[in-house]
Structure formats: structure tokens, C-alpha cells
Amino acid sequence: MPILMIALLFGVMYFMMIRPQQKRRKEAEQMQSALGPGDQVVTIGGLHGTVANVDDDTVTLEPSPGVQLRFARPAIARVVSSADRPEQIEETPEAEAEVDSTAGTGPDLRKD
């Protein structure tokens, strides 16, 4: 009976402590790997800045214009706002033809 209680205790500890911690660490790694220039971030020390450059292990932040600081990638605690990066969408000639064929067919709502 005591062995069963110990096993149950370890099971509860795993699901209540270890598993959520692994999930948070995985989410943090994904956030840090998705960093790009223009993102506004906060470091673990509370410094707010805009990402100027991203290397393999470091992130260069610009807390104010003309001031650049280098941080280790794990020092980024959270992303406040992401930069608008255009998605790499490969357009086919058919899609371009569709856009051209609908040009000028709608009503002109401009006020002159």
C-alpha cells in the first residue's frame, strides 16, 4: 500500500508541476525562435525595446533611437507586438489574371 501511495504522489507531481513547466518552456522557445526585426519586446529585466537584428544566439534591441543593446536570445521574456512581415505567397499567373479581370468593374465611390 505505501508503494502505491508514493507512485500516486509522483504521478500527481508530474501532472501538476513538471508537465506545465515543460509546456511553458516549449512556448518560450517558440516565441524566441520567431523573433524578427521590428518586433517590440520586453526582456526578463523589464527593458522595453524594438528588435533591430537577430543572430543565432543574440538579439539586438533598440530601446531608443540610436541606442542598440545586445541580449542573449533567452533574455527575451515576451513579445509586446509583432512587426508586420509580409507572408511569402507565391502568386500564379492565373491569380494575377483574376485580379486584372476584376479591376474597374465596381462602382467608383470616391468624392471629388
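Residues under 20% relative accessible area count as buried, those over 50% as exposed, and those in between as partly exposed. Keep this scale at hand for the exercises below, which deal with a predicted model.

**Exercise 1. Describe the aromatic pairing in this structure and the exposure of the residues involved.**

Step 1: Start with a search of the whole structure, which finds one aromatic pair. Its members are Y14 and F15.

Step 2: Look at how such pairs are characterised. A pair of aromatic rings is described by the distance of the centres and the angle of the planes.

Step 3: Apply this to the two rings. Y14 and F15 lie 5.1 Å apart, centre to centre, with 80° between the planes. Planes over 60 degrees apart count as edge-to-face, and the pair of Y14 and F15 is accordingly edge-to-face.

Step 4: Now place each residue on the scale. Y14 has a relative accessible area of 34%, so this residue is partly exposed. F15 reaches 51% relative accessibility and therefore counts as exposed.

**Exercise 2. Work out the order of the strands in the sheet and find its edges.**

Step 1: List the elements of the chain. There are two helices and five strands, and from the N terminus on they run α-β-β-β-β-β-α.

Step 2: Arrange the strands in space. The five strands form an open sheet in the order β4-β3-β2-β1-β5, with antiparallel pairing.

Step 3: Pick out the edges. β4 (67-72) and β5 (76-81) are the edge strands, since each of them pairs on one side only.

Step 4: Add the twist. Ignoring direction, neighbouring strands of this sheet are turned by 45° against each other on average.

**Exercise 3. Trace the pairing of β2 with β1 and with β3, down to single residues.**

Step 1: Take β1 (residues 40-43) and β2 to begin with. They pair in the antiparallel sense over three bridges, and Q40 stands opposite T50 in β2.

Step 2: Inspect the turn. The hairpin of β1 and β2 has four residues between the strands, and G46 takes a positive phi near 95° there.

Step 3: Move on to β2 (residues 48-54) and β3 (residues 58-64). Their antiparallel pairing extends over four bridges. V51 stands opposite L61 in β3, while V54 has V59 as its bridge partner.

Step 4: Close the trace with the second hairpin: β2 and β3 form it with three residues between them.

**Exercise 4. Decide which parts of the chain deserve caution on grounds of confidence.**

Step 1: Get the overall picture. The chain averages a pLDDT of 80, and 74% of the residues score at least 70.

Step 2: Compare the extremes. Confidence is highest in β4, at 94, and lowest in helix α2 (residues 93-101), at a mean of 48.

Step 3: Check the stretches with pLDDT under 50. These include residues 88-93, for which the model has one contact beyond four places in sequence. Residues 95-102 also stay under 50, again with one contact beyond four places in sequence.

**Exercise 5. Summarise burial, surface and contacts for the chain.**

Step 1: Of the 112 residues, 15% are buried.

Step 2: The accessible surface comes to about 9,400 Å², and 57% of that belongs to carbon and sulfur atoms.

Step 3: Among contacts between residues at least 6 apart in sequence, 39% join residues at least 24 apart.

Definitions and conventions. Residues are numbered from 1 along each chain as its sequence is written. This is a predicted model: local features need pLDDT of at least 70, side-chain atom pairs count only at pLDDT 80 or more; totals for chains, interfaces and linings use all residues. Side-chain values use heavy atoms; hydrogens and water are left out. Rings of Phe, Tyr and Trp (its six-membered ring) pair if their centres lie within 6.5 Å; planes under 30 degrees apart count as stacked, over 60 as edge-to-face and the rest as tilted. Buried means under 20% relative accessible area, exposed over 50%, partly exposed in between (1.4 Å probe, protein chains only). Two strands pair if DSSP finds at least two bridges between them. Axes are lines fitted to C-alpha atoms, for helices over the stretch in contact, and angles run from 0 to 180 degrees between N-to-C directions. pLDDT is the predictor's confidence in each residue, from 0 to 100. Contact means heavy atoms within 4.5 Å. Accessible areas come from the Shrake-Rupley method with a 1.4 Å probe; for residues, only the protein chains shown count as cover.
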